Amino acid sequence: MIHDAMSFRKGKDTVELGTWWWPIQGVQEACGIPCNDMLDFLEKNNVSEIYLAIGGMTLDGEQPKEGQELVTESEVRSFVRDCSSRDIRVAGLIGISGEGTKKWLDPENGRTQFNEYAEKVFKYNQKSNDNEKLYAIHLDVEPHTIKDFLEKRSHYIQQMADFAFYATQLCKEHGLQAEYDLFAGFEHDDVAYDNKGTVRNIVDIVTSLCNSIGVMAYRNSAVHQMAFGPSKYMPYAIKNDCRLIVGAETMPTQEGVPTKITYSSVGPQEFLKEQEKLRKILDSSDCKNFSGAIHHAHSWYSFMNA
């Protein structure tokens with residue numbers, strides 16, 4: 001059954017609606033969904049930006065890593081051109097979770113993999129026409145998923161602040177916006193030293209560095225989405241003129257994971273109603289620089305077409 005389109009964003013609305021797109025093989029086909037069908041679906045729902053997982057792209061002349069399914073630079077360029085023709089802009093999504101996050105955050109490890117992925121974006125853009133360029137690096141680096149995060153919370157939050165400064169400076173040097181997806185569970189006493197040595201809340205630091213933050217507000221109603229992160233983070237976003245992206249989850253429920261985190265537990269029609277409510281809540285808030293986003297493109301498509 002094909003359900004109605006979302007009404008969160010209509011027509012040429014200046015408020016953006018985004019979605020995370022992974023795996024990158026989706027620029028060909030992924031999860032049994034041809035790329036063109038996916039883009040038609042996103043266009044129907046007035047999506048205006050895609051966060052494309054860029055790590056799997058192989059640049060021209062580069063050898064793919066062992067076991068890596070090849071997605072070429074040319075294929076990505078064609079995909080971005082197609083998106084541009086539909087008034088959808090594309091960011092390069094770069095991220096890590098779990099124990100691997102330690103290497104990304106610790107400068108003593110050289111931030112090697114982050115630098116490798118970021119360099120792909122920079123080299124890709126250097127050879128691209130305007131309608132093929134990526135507009136931003138969209139970071140999804142998750143210290144809260146490290147096993148000993150609770151025991152070493154302040155340590156990892158400081159490393160996150162340092163990493164955010166490092167990554168955003170690189171983006172500025174290459175003319176790209178910087179966006180950062182944030183764990184919704186940061187509290188007022190989660191503080192770190194900023195690059196000037198001032199102690200500040202981690203959300204204050206990140207919103208002062210980035211053009212946008214994505215809040216992983218994974219709850220299955222508009223009110224609970226706002227309560228789970230965005231309401232706490234909004235004052236920092238307003239203060240620092242940083243766009244607040246409120247994310248919704250549509251992935252299937254999993255054993256051992258609370259059903260309240262995903263809209264797949266309440267069904268498509270309830271999801272559509274709640275996203276309309278979310279837009280009204282955001283419109284009536286003090287924040288005038290906000291947008292919505294759905295995690296992630298392929299689960300959303302399957303959810304709405306089940």
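Helices (H or I, at least four residues) and strands (E, at least two) are DSSP runs, numbered from the N terminus. The model is predicted.

**Exercise 1. Unusual backbone**

Place aspartate 87 and aspartate 241 between their flanking elements, and state the phi of each.

*Solution.*
- Step 1. Take aspartate 87. The loop between helix H2 (73-85) and strand E7 (89-96) holds this residue. Its phi is positive, about 60 degrees, and it is not a glycine.
- Step 2. Take aspartate 241. The loop that contains it runs between helix H8 (230-239) and strand E13 (243-249). Phi here is near 50 degrees, again a positive value in a residue other than glycine.
- Step 3. Set the background. Most residues other than glycine have a negative phi, and most peptide bonds are trans.
- Step 4. Classify aspartate 241 by accessibility. Exposed means over 50%. Aspartate 241 has 59% relative accessibility, so it counts as exposed.

**Exercise 2. Cis peptide bonds**

Find which residues are joined by a cis peptide bond with omega of about 0 degrees, and which by one with omega of about -20 degrees.

*Solution.*
- Step 1. The value of about 0 degrees belongs to the bond between tryptophan 22 and proline 23. Proline 23 sits in the loop between strand E1 (17-21) and strand E2 (29-30).
- Step 2. The value of about -20 degrees belongs to the bond between histidine 295 and histidine 296. Histidine 296 falls in the loop between strand E14 (290-295) and H10.

**Exercise 3. Two helix pairs**

Two packed helices are described by the angle between their axes and the distance between the axes. Classify the pair H4 and H5, then the pair H9 and H10.

*Solution.*
- Step 1. Read the geometry of helix H4 (residues 112-126) with H5. The packing angle is about 20 degrees, and the axes lie 11 Å apart.
- Step 2. Apply the cut-off. Angles under 35 degrees count as roughly parallel. H4 is therefore roughly parallel to H5.
- Step 3. Add the handedness. The crossing of H4 past H5 is right-handed.
- Step 4. List the contact residues. H4 supplies Phe114, Asn115 and Phe122, while H5 supplies Phe163, Tyr166, Ala167 and Leu170. By class, the H4 with H5 contact has six nonpolar residues, one polar and no charged.
- Step 5. Turn to helix H9 (residues 268-283) and helix H10 (residues 297-304). Their axes come within 9 Å and cross at roughly 120 degrees.
- Step 6. Name the class. H9 and H10 are therefore oblique to each other.
- Step 7. List this contact too. Pro268, Phe271 and Leu272 come from H9, and Trp300, Phe303 and Met304 from H10. The split for H9 with H10 is six nonpolar, no polar and no charged.

**Exercise 4. The cores**

State which residues touch the most other members of the largest nonpolar core, and which helix gives the largest share of this core.

*Solution.*
- Step 1. Start with the hubs. The largest nonpolar core has 89 residues, and Trp21, Ile50, Leu52, Phe79, Tyr180 and Trp300 touch the most other members.
- Step 2. Find the main contributor. Helix H5 (residues 153-173) gives the largest share, nine residues.
- Step 3. Inspect one hub. Beyond four places in sequence, tryptophan 300 touches Met6, Leu17, Thr19, Phe41, Leu42, Asn45, Val47, Thr250, Phe271 and Ile294.
- Step 4. Look for another core. A second, separate one has eleven residues, among them Tyr51, Ala136, Met216 and Tyr218.
- Step 5. Recall the general tendency. In soluble globular proteins, nonpolar side chains tend to be buried together.

**Exercise 5. Buried or exposed?**

Decide whether arginine 86 and leucine 93 are buried or exposed, and list their contacts beyond four places in sequence.

*Solution.*
- Step 1. Locate them. Arginine 86 is in the loop between H2 and E7. Leucine 93 is in strand E7.
- Step 2. Apply the cut-off. Buried means under 20% relative accessible area. Arginine 86 has 13%, so it is buried. Leucine 93 has 10%, so it is buried.
- Step 3. List the contacts. Arginine 86 touches Asn36, Leu39, Asp40 and Glu43. Leucine 93 contacts Trp20, Trp22, Tyr51, Leu52, Ala53, Ile54, Gly55, His138 and Asp140.
- Step 4. Compare sequence and space. Leucine 93 and asparagine 240 are separated by 147 residues in sequence and by 23 Å, C-alpha to C-alpha.

**Exercise 6. A covered helix**

Determine how many residues of helix H6 (residues 202-209) are buried, and what they pack against.

*Solution.*
- Step 1. Count. Seven of the eight residues of H6 are buried.
- Step 2. Name them. They are Ile202, Val203, Asp204, Ile205, Val206, Thr207 and Leu209.
- Step 3. Find the partners. The buried residues of H6 pack against H5, H8 and the strands E9 (177-182), E10 (191-193), E11 (199-201) and E12 (212-215).

How values were computed
Residues numbered from 1 in each chain as written. Predicted model: local features only at pLDDT ≥ 70, side-chain atom pairs only at ≥ 80, totals over all residues. Heavy atoms only, no water. Core = buried A, V, L, I, M, F, W, Y, C linked by side-chain atoms within 4.5 Å. Buried < 20%, exposed > 50% of the residue type's maximum accessible area, 1.4 Å probe, protein only. Contact = heavy atoms within 4.5 Å. Axes fitted to C-alpha atoms, helices over the stretch in contact; angles between N-to-C directions. Parallel < 35°, antiparallel > 145°, perpendicular 65-115°, else oblique. Left-handed = near helix turned anticlockwise from the far one by under 90°. Nonpolar A, V, L, I, M, F, W, Y, C, P; charged D, E, K, R; others polar.
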